[in-house]
Amino acid sequence: MSAQTNAPIIIKRKKVIAGGGHHGGAWKVAYADFVTAMMAFFMLMWLLNATTEQQRKGIADYFSPTVPVFRVSGGGDDMFGGDSVFTQQNMSQTGQGASAMQAGRAAGIGQNPEDAAAEAAFVAAVNDIEDELLGRGGESALSEQALRHIITRVTDEGLIIEIFDLPGATLFEDGSDTPNPVTQEIATMLAEVLQLVENPLAVSGYIAALPVVVRENTAWDLSMSRAIRMRMMLESGGYNPQDIQRITGFADRVPAASDPAAIRNNRIEITVLRTP
C-alpha cells in the first residue's frame with residue numbers, strides 16, 4: 001500500500017493538430033481558386049464561340065477603362081469598329097475616345113484657323129457618313145447581313161470604310177470580280193451616303209494569298225479588277241466619277257489577318273480622303 005502511495009503520477013499530454021498536419025487547409029483555397037479560374041476560362045471560350053464580333057466588341061467596351069473625350073469613329077474589329085481603342089492612329093468605336101494627338105487635331109490645337117476649320121468639317125462628314133450607314137437614332141438602311149461586312153476606321157489619310165468577306169458570305173464569286181447581291185446592296189447604299197460629303201474617294205482591292213500550287217497567280221489582276229468593279233457600282237448608284245481620285249490593287253501584299261490565306265483578307269477599302 002505504501003509503495004502505491006509513493007509511486008509518481010505520470011500525466012501524458014497528447015497534442016492534437018487540426019487540419020491534417022502541417023498542410024493545414026490552404027490546399028482547399030488553392031483548389032477553389034483553380035476551379036474558379038477554369039470556370040472563367042471555359043465561360044470565356046464559350047462566349048467567344050457563341051457571340052458575334054459586334055457582341056464581343058460590346059462586351060469589351062463594357063469593361064474598357066476609356067474616358068470619353070471626343071465623338072468620332074473607329075476602335076474594335078467589328079461593324080464600324082476600327083482596330084483598337086488604344087491604337088494611336090484610331091479613335092474609339094463609340095466615338096467617345098481619342099488619342100491625345102487626334103483629339104488635339106480635332107479640336108484645332110496647333111493648327112491655323114483654316115486647317116482647324118477643314119478638320120472640323122472632315123469630322124462632321126465622318127459623323128454624317130457613319131450615322132447614315134449605321135442608322136444611329138433609327139434603323140440602318142442596310143440589312144443586318146450587309147452590316148456584318150463593314151467596319152470603319154479613321155487614319156491620317158481619311159475615313160476608311162472596309163468591306164470584307166465572311167465565312168460562307170463572300171463579296172464576290174470565287175476567283176472573279178462578279179459581285180454577290182450583298183456587295184451590290186452595300187455599293188448602292190455607299191453611293192448614296194458618300195454624296196453627303198465633297199471629299200474625294202480612293203478605292204483599293206485586296207485578296208487573300210493564293211496557294212503556291214496554282215498554275216498562274218492572278219492576285220494582282222483580281223484585286224485590281226474587284227476595285228474597278230466597286231468603282232463601277234458606285235458610279236451606277238449615282239456617285240460622281242470625278243470625285244474618285246484613285247483605284248488601286250494591292251493583291252495579297254497587305255493582309256488584314258495574321259494568316260495571309262485567311263478569307264478575312266479578301267476586302268475592298270473605300271477611303272474618304274482628307275482634303276489637302
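## The chain overall

Let's start with long-range contacts: among contacts in this chain between residues at least 6 apart in sequence, 68% join residues at least 24 apart (contact means heavy atoms within 4.5 Å). This is a predicted model, in which local features need pLDDT of at least 70 and side-chain atom pairs count only at pLDDT 80 or more, while totals for chains, interfaces and linings use all residues. Residues are numbered from 1 along each chain as its sequence is written, and side-chain values use heavy atoms, with hydrogens and water left out.

The chain has eight helices and five strands, taken as DSSP runs (H or I, at least four residues, for helices; E, at least two, for strands) and numbered from the N terminus. Going along the sequence, the order is α-α-α-α-α-α-β-β-α-β-α-β-β. Of the 276 residues, 39% are buried (under 20% relative accessible area with a 1.4 Å probe and protein chains only; exposed is over 50%, and partly exposed lies in between).

## H7 against H8

Two packed helices are described by the angle between their axes and the distance between the axes. Helix H7 covers residues 181-193 and helix H8 residues 219-236; their axes come within 8 Å and cross at roughly 55°. Axes here are lines fitted to C-alpha atoms, for helices over the stretch in contact, and angles run from 0 to 180 degrees between N-to-C directions. That makes H7 and H8 oblique to each other: angles under 35 degrees count as roughly parallel, over 145 as roughly antiparallel, 65 to 115 as roughly perpendicular, and the rest as oblique. H7 passes H8 in a right-handed crossing (the near helix is turned clockwise from the far one by less than a right angle; anticlockwise would be left-handed). On the H7 side, Thr-183, Gln-184, Ala-187, Leu-190 and Ala-191 make the contact, meeting Met-230, Met-233 and Leu-234 of H8.

Leu-234 deserves a second look. This H8 residue is buried, at 0% relative accessibility. Beyond its neighbours within four places in sequence, Leu-234 touches Ala-187, Leu-190, Ala-191, Leu-201, Val-203, Tyr-239 and Ile-270. Ile-244 is ten residues away from Leu-234 in sequence, with 9.6 Å between their C-alpha atoms.

## H5 against H7

H7 also meets H5: the two axes come within 10 Å and cross at roughly 140°, so this pair is oblique too. H5 passes H7 in a right-handed crossing. Ile-129, Glu-132 and Leu-133 of H5 are in contact with Met-189, Leu-190 and Val-193 of H7.

Leu-133 belongs to helix H5, which spans residues 113-134, and is buried at a relative accessible area of 1%. Its C-alpha atom is separated by 9.5 Å from that of Ile-186, although the two are 53 residues apart along the chain.

## The loop before H7

Leu-171 sits in the loop between strand E2 (158-164) and H7, and it is buried at 2% relative accessibility. Not counting residues up to four places away, Leu-171 touches His-149, Ile-163, Phe-164, Asp-165, Thr-178, Pro-179, Asn-180 and Thr-183. Gln-184 lies 13 residues from Leu-171 along the chain, with their C-alpha atoms separated by 8.8 Å.

Phe-164, one of those contacts, has Arg-264 over its face, at 3.9 Å from the ring centre. A charge sits over a ring if NZ of Lys or CZ of Arg is within 6 Å of the ring centre and within 35 degrees of the ring normal.

## Ring pairs and the E4–E5 loop

Rings of Phe, Tyr and Trp (its six-membered ring) pair if their centres lie within 6.5 Å; planes under 30 degrees apart count as stacked, over 60 as edge-to-face and the rest as tilted. That rule gives two aromatic pairs. Phe-41 and Phe-42 have ring centres 5.4 Å apart and planes at 70°, so they are edge-to-face. Phe-41 is partly exposed, with a relative accessible area of 43%.

Tyr-206 and Phe-250 are stacked, with centres 4.9 Å apart and planes at 5°. Tyr-206 is in strand E3 (residues 201-206) and Phe-250 in the loop between strands E4 (244-249) and E5 (267-273), so the pair ties together parts that are 44 residues apart in sequence. Tyr-206 is buried at 8% relative accessibility, whereas Phe-250 is partly exposed at 28%. Tyr-206 also has the charged end of Arg-267 over its ring, 3.9 Å from the centre.

Ala-251 is in the loop between E4 and E5 as well, and is buried at 0% relative accessibility. Most residues other than glycine have a negative phi, but phi of Ala-251 is positive, near 55°.
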